[in-house]
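Reader: I'm new to metal sites in proteins. Can you walk me through how to read one?

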Amino acid sequence: MQLRFLGHSAFEVKSSGGQTILIDPYLDGNPLAAVKSDQITADFIVVTHAHGDHLGDALKIARRCGSLLICVYELGSYLASKGFQTHNMHIGGAHDFAFGRAKLTIAWHGSQTPEGQYAGPAAGVMLWVDGSCIYHTGDTGLFYDMKLIGELNRVDYLLLPIGDNYTMGIDDAVKAVELVRPRVAIPMHYNTFGLIEADPEVFADKVRALGRECLVLQPGDTV
Ligand code: NI
Ligand code: MN
C-alpha cells in the first residue's frame with residue numbers, strides 16, 4: 001500500500017493489487033497541490049463531504065476515469081442524479097470493495113452541494129488496504145468517540161485537520177491522537193487558504209511529546 005499526500009485533505013492510496021483510491025481530491029483550485037486533476041486517475045473516489053475543498057475535482061476525475069464515488073447516501077443520491085456512479089454508505093457502515101474495506105465514521109461538520117442544497121452529514125472514512133488501516137477524519141471537530149475508534153481498531157495512519165476555524169486546531173488534534181492512538185499521525189487541512197493557517201511542526205512536536213510518531217508530509221510525499 002502506498003499513501004501519497006496531494007495537498008489540503010487530498011490523498012491517493014494505491015493498493016498492491018493496482019487499485020487507486022482518491023480521498024477528497026481538491027487539486028485544480030489549490031495552487032499547492034502536488035498534481036492537477038488531469039494528471040491522476042482513480043478507480044474509486046471517497047468524498048467525505050460536499051464542500052468545495054473536498055468534492056473538489058472528484059467529478060472531473062470520475063467523468064474521465066469512470067471512477068466509483070463512495071460517500072454518504074444523501075450526497076450519493078445527488079451525484080447519481082448528475083449521472084455519476086456511486087456507492088452509497090452511511091456512518092458506522094463498512095463495505096468490502098475490490099481494493100479492501102471502507103467504513104464511514106462520524107465527523108462534526110456540515111455538507112452542502114455546489115448549488116447550496118444540504119448534502120447529508122459530513123463523514124470521516126477508514127480504509128483497510130493491504131493490511132494497513134488509514135483513518136481520514138474528514139473535516140471535524142474533536143469528539144470523544146475517537147477513543148472508541150482507537151479501542152476497536154489498530155489505526156496505522158491517522159490523517160487529521162489542524163487548521164482550526166472550520167475544524168480541529170492543533171491542540172484538539174493532539175488530543176485526537178491521544179484518543180485514537182495511531183502508529184503515525186499526519187496533519188492535513190492547514191495553510192491552504194486564509195483562516196486555516198497553522199504550523200505543522202508545532203503539532204508534530206506535541207504529538208511526539210505524547211510518544212507517538214508524526215509525519216509532516218509535503219504535497220507529493222509518499223509513505
Ligand atoms: Ni468542509
Ligand atoms: Mn474543508
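Reader: What arrangement do the 4 donor atoms around the nickel ion (ligand 1) make?

Author: First, the ground rules. This is a predicted model, where local features need pLDDT of at least 70, side-chain atom pairs count only at pLDDT 80 or more, and totals for chains, interfaces and linings use all residues. Residues are numbered from 1 along each chain as its sequence is written, chains are lettered from A and ligands numbered from 1 in the order written, and side-chain values use heavy atoms, leaving out hydrogens and water.

Author: Now, donors are N, O and S atoms within 2.8 Å of the metal (3.2 Å for Na, K and Ca); water is not among the atoms, so sites may look incomplete. Four tetrahedral donors ideally sit at 109.5 degrees. Here the angles run from 87 to 175°, so the nickel ion (ligand 1) has an irregular arrangement (tetrahedral would need all angles between 85 and 135 degrees; square planar, opposite donors over 155 degrees apart and all others between 65 and 115).

Reader: Which residues coordinate the nickel ion (ligand 1)?

Author: His49 (NE2), His51 (ND1), His109 (NE2) and Asp139 (OD), at 2.2 to 2.3 Å.

Reader: And which coordinate the manganese ion (ligand 2)?

Author: Asp53 (OD), His54 (NE2), Asp139 (OD) and His189 (NE2), at 2.2 Å. Aspartate 139 bridges the two ions, which lie 3.2 Å apart.

Reader: Is aspartate 139 buried or exposed?

Author: Buried means under 20% relative accessible area, exposed over 50%, and partly exposed in between (1.4 Å probe, protein chains only). Aspartate 139 is buried at 2%, and histidine 189 is buried at 1%, while histidine 51 is partly exposed at 24%.

Conventions: Four donors count as tetrahedral if all angles lie between 85 and 135 degrees; four count as square planar and six as octahedral if opposite donors are over 155 degrees apart and all others between 65 and 115; anything else is irregular.
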